[in-house]
Amino acid sequence: MSPASPPSAVPVPAPAVSVVGIGADGWSGLPETSRAVLRDAEVLIGGERQLRLLPPECAGRRVSWPSPLRPAVRGLLSGHAGSRTAVLASGDPMFYGIGRALTEELGAGALRVLPHPSSVSYACARLGWPVEDTETVTLVGRPTARLAGALHDGRRLLVLSADAATPAAVAALLRESGFGPSRMRVLEQLGGTAEDCLDGLAETWQHPPGDPLNVIAVDCRIAPEALRLGAVPGLPDEAYEHDGQLTKRHVRAATLGVLAPAPGELLWDIGGGSGSIAAEWMRTHSTCRAVTVERDPVRAGRIARNADRLGVPGLRVVTGRAPDALAGLPVPDAVFIGGGLTAPGLLAACWDALPPGGRLVANTVTLESEALLTEWYRRHGGDLVRLAVAHAVPVGGFTGWRQAMPVTQWSVQKPSHAPEPPHAPGDDR
């Protein structure tokens, strides 16, 4: 009996697109593998600066990315389907680069990625900073305000610049945030023949705009008189602009504890007030998202300013009255209700919007809302607690306690079993 023939190998399709990282050193800094791909490509796609780095021997048709880039990716690639296509990227394509967009559009299997050292690797090599201990914040296509969330005394940051004006904008933000004593080094054209470094303090930064291809190294130092903001929920009340509608520090910390934010999750913050719950939810991780709903336009504007100041400019503010304003919002992982609990249908709308496993937390100081929470606790379980905080204050020549209004808090996780019976008429009012 003849031995069975081996199964025929399933052919693996060649990647449709090659993504080649290139640095400021251009063609001379590329390994032969990357050079061969670029010489063989029939279509070469990249930024104008990157395309100019290629020699004439790269004879493929050169196509510049349009602006804005992201919406054009699919159409541009499909227009060259069937051609050997190479996409040029700055440094490592998978580190804040075009590689992410291409992977999302084509899938990882359709790409061959040939990385170059990133600007972060070059910067850390020049500075003697361990890469794993250095936080990176990108301001490419993002507001400068997002840097504020990464500022902590003694930390080392690398900021990826959008252009030549970014260093001055970063210096201004550092001054406004109380980090004027921080040292800044602007590293230009890293890895290229024109590499340079500008050095100075944020509080006295006067360098004119230089090369647009730069990375900013920041040694964070807080000014002695500046308000210190920690890395966990429960920021000082003084960190917020508010009109009294503010979840106070200790209650805020307890509330975020039961909301339990995790990376990538979305919060609905209803009755935003000053936006403190949503802002501190987003500060727990760079991928946390939040939508705050506030009926007062003046307070809504105040929330946006607080979000910028605390480094979470991505906080979405919806001006409107819940539950009507909740229509069309993305599905939340957690909901916090800090105001408007007695609005007809609000609790029911929030409960129905939550997916199985989602969390709901509601705080109140009124007897009417407390009665409502007690009823929902009776029906759905969870935890019903009363939070009481007292502060020591002068009493004549002595010291006594001043009690803040106690806060009743209901927290619950929506079960994953079969749906519960419908709400009884009027029980959510």
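A salt bridge here is a side-chain nitrogen of Lys or Arg within 4 Å of a carboxyl oxygen of Asp or Glu. By that rule, the structure holds 23 salt bridges. Please keep in mind that this is a predicted model. The close-ups below visit a sheet, its helices, some salt bridges and a buried serine.

**View 1. An open sheet of 5 strands, with mixed pairing.** Reading across the sheet, you will meet the strands in the order β6-β7-β10-β8-β9. The edges belong to β6 (135–138) and β9 (196–201); each has a single partner strand, so one side of each is left without a neighbour in the sheet. From one strand to the next, the twist averages 20°. Strands in a sheet pair through backbone hydrogen bonds, which may run parallel or antiparallel. For an example, look at strand β7 (residues 156–160) and strand β10 (residues 214–219), which pair in the antiparallel sense over 5 bridges. Within this pair, L160 stands opposite V215 in β10.

**View 2. Helix α5 lying across the sheet strands β6, β7, β8 and β10.** This helix spans residues 119–127. Its direction makes an angle of about 140° with β7.

**View 3. Helix α6 and its buried residues.** Which residues of α6 (residues 166–176) are buried? They are T166, P167, V170, A171, L173 and L174. These residues lie on the same side of α6, because they cover an arc of only 165° around the axis. An α-helix has 3.6 residues a turn, so residues three or four places apart point the same way. What do the buried residues of α6 pack against? Their packing partners are β7, β8 and β10. Beyond the helix, α6 is followed by G178, which has a positive phi near 85°.

**View 4. A salt bridge between E195 and R126.** The closest N and O atoms of this pair are 2.6 Å apart. E195 sits in the loop between β8 and β9, while R126 belongs to helix α5, so the salt bridge ties together parts that are 69 residues apart in sequence. Are the two residues buried or partly exposed? E195 is partly exposed, because its relative accessible area is 31%. R126 also counts as partly exposed, at 41% relative accessibility.

**View 5. Salt bridges between helix α9 and the loop between β10 and α7.** R309 forms a salt bridge with E241, and their closest N and O atoms are 3.7 Å apart. This pair links distant parts of the chain, with R309 in helix α9 (residues 297–309) and E241 in the loop between β10 and α7 (249–259), 68 residues apart. R309 is partly exposed at 41% relative accessibility, and E241 is partly exposed at 27%. In another salt bridge, D243 joins R299 with closest N and O atoms 2.9 Å apart. Since D243 lies in the loop between β10 and α7 and R299 in helix α9, this pair ties together parts that are 56 residues apart in sequence. D243 is partly exposed, with a relative accessible area of 40%. Follow the shared partners and you will find one network of salt bridges, joining E241, D243, R299, R302, R305 and R309.

**View 6. S411 in strand β19.** The strand covers residues 407–413. Is S411 buried or exposed? With a relative accessible area of 12%, S411 is buried. Leaving aside residues up to four places away in sequence, S411 touches V258, L360, V361, G382 and D383.

Terms used. Residues numbered from 1 in each chain as written. Predicted model: local features only at pLDDT ≥ 70, side-chain atom pairs only at ≥ 80, totals over all residues. Heavy atoms only, no water. Pairing = 2+ DSSP bridges. Helix = DSSP H or I, 4+ residues; strand = E, 2+ residues; numbered from the N terminus. Axes fitted to C-alpha atoms, helices over the stretch in contact; angles between N-to-C directions. Contact = heavy atoms within 4.5 Å. Buried < 20%, exposed > 50% of the residue type's maximum accessible area, 1.4 Å probe, protein only. Arc of directions from axis to C-beta.
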